[in-house]
Amino acid sequence: MAILVMNQFRNTAVLLMILALIGLLAQRKPAKETLSGVLKVGIGFMIFNIGGGHVGTIAANFATLFQTAFGVQGTVLAVEPATALAMDVYGFEISMIMGLGFIFGLVIAKLTPLKSIFLTGQHYLFFAAVIGLIFISNGMPTWVTVIFGSLVLGFSGAGLPKLAQKYTDELTGNAGVALGHFNLIFYWFSGVIGSVIGGKNWQAKKEKAANRELPDFFSVFRDFVFSVAFFMIILFYIATIAAVISGHMDVVQEMAGNDLWFLYPLIQGLQFAAGMSVLIYGVRQFIAELTAAFVAISEKYIPGSMPAVDVPVFFQYAPTMVPVGFITSFIGGLTATFAMAAMGSPVVLLPAAGIAFFSGGTMGVFGSIRGGLKGAIIASFLGGILLTALPLVLFPAFSELGITDAGFPQIDYNIIGILLDKILKLFS
């Protein structure tokens, strides 16, 4: 009986519901709100799993087409399906790192000058997956993985927003918020790039960039679902047509099934975007409930703390730079992809439109603070290269754990993850 009960704690949905229950009970929420919050966490996670499974299937189809056409393994760097794949096997470790990591982040904010309260919970989840996989790939026991992984996550959540705070304050006019999105090392560097480009006249360039009018065509890329569908359809058509030209029509026909082969890429791209919509809805629902369960605690017991919030909050300050950064970072990612293929890499990583939209768009915004349009373009292009190239370092370790059809592209994940992996190898 005891073993059966302990096994339920390794059920990720149950574990997340328990974490939510603890947070809600600590706030002495009414029974109705507590029950609602706990159930929403469970339902949200199950929606996340459904979306992750669907997107994972589409990503596997693309990998098969890409390998058939070009003779190398091709993987789309999409963090949500990668996390879903990881949690399917290592859900206990990842959930514990996320939950304890948030608590450690609050403790660190309470006891140190690092006062950011990281409220973008889905990034805590994704980073917890990366950290957990690194510990596990180095053969660390579960207790080491959970405790030390949580400390790494807690310090990252409390400390990294401070790195970019100077430029965040300039962007928002000292609005009293921090940026909670784990590309903070490069968002800071985007500001540095803008400073070099802008020189002494950066104020004028900032205002010009914020008010710049772009061609109407660019406005369609402000829609996340459209952007994901558009670029995934293009990537599927490239892989499909290349497979046909290289003499593998039989493989394409088999994968298309009852669909016409030349419509198959269109359908797959649309299904990928639909799956991403479901997946993101699910993760935001259960993360929102988990975060709300602990936010009130931080507001009450950590005076002087600053909320670190998600990137769409900052898009309003330079909205025209978002599509510029998105498209330019995607081009930078493709540049890295072509470089991998040219150098004969056995694995070729491809940029994901979703990552380019949020991360590249934000790089464009931060590059434009002091560097105007030129700063936005250069920062997001270089960022796009790193978003696609850096995950290649950790890909072998993750692939040994079964994470092959998707990857973790965010820059903080990879810089900190690579350093962590090097340190753990000294002990393993």
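Which residues lie nearest the centre of the largest pocket? The legends below start there. This is a predicted model, in which local features need pLDDT of at least 70 and side-chain atom pairs count only at pLDDT 80 or more, while totals for chains, interfaces and linings use all residues. Residues are numbered from 1 along each chain as its sequence is written, and side-chain values use heavy atoms, with hydrogens and water left out.

**View 1. The largest pocket and its lining.** F66, I238, T337, F338 and L350 lie nearest the centre, out of 16 lining residues. The volume comes to about 280 Å³, meaning the space filled by probe spheres set on grid points that are joined across faces, edges and corners. On a 1 Å grid over the protein atoms alone, a pocket is an open set of points with protein on both sides within 12 Å along at least five of seven lines, a cavity is a set where a 1.4 Å probe fits but cannot get out, and lining residues have an atom within 4 Å of a point. Helix 3 (31-70), helix 11 (224-245), helix 15 (321-342) and strand 5 (347-350) each give two or more residues to this lining. Helices (H or I, at least four residues) and strands (E, at least two) are DSSP runs, numbered from the N terminus. Sorted by class, the lining has 15 nonpolar residues, one polar and no charged ones. Here Ala, Val, Leu, Ile, Met, Phe, Trp, Tyr, Cys and Pro count as nonpolar, Asp, Glu, Lys and Arg as charged, and the others, Gly among them, as polar.

**View 2. The largest cavity, with about 200 Å³ of space.** Searching the whole structure turns up six cavities of 30 Å³ or more. In the largest cavity, E80, Q122, H123, R284 and F358 are the closest to the centre among 20 lining residues. Two or more residues come from each of helix 4, helix 5, helix 13 (264-301) and helix 16 (353-389). The class split is 10 nonpolar, seven polar and three charged.

**View 3. Helix 4 crossing helix 5.** The axes of helix 4 (residues 79-111) and helix 5 (residues 121-137) come within 6 Å and cross at roughly 100°. Axes are lines fitted to C-alpha atoms, for helices over the stretch in contact, and angles run from 0 to 180 degrees between N-to-C directions. The two helices are therefore roughly perpendicular (65 to 115 degrees). Their contact has 15 nonpolar, four polar and two charged residues.

**View 4. An open, parallel sheet of three strands.** The strand order is 2-4-3, where two strands pair if DSSP finds at least two bridges between them. Strand 2 (116-118) and strand 3 (178-179) are the edge strands, each pairing on one side only. Three bridges join strand 2 to strand 4 (residues 306-309), with I117 opposite P307 and F118 opposite A308. Strand 3 is joined to strand 4 by two bridges, and A178 has A308 as its bridge partner.

**View 5. N174, in the loop between helix 7 (165-172) and strand 3.** N174 is not a glycine, yet its phi is positive, at about 55°. With 60% relative accessibility, N174 counts as exposed (over 50% relative accessible area, against under 20% for buried and partly exposed in between, using a 1.4 Å probe and protein chains only).

**View 6. R370 in helix 16.** R370 is buried, at a relative accessible area of 15%. G198 sits 172 residues from R370 in sequence, but their C-alpha atoms are 5.2 Å apart in space.

Key
Parallel < 35°, antiparallel > 145°, perpendicular 65-115°, else oblique.
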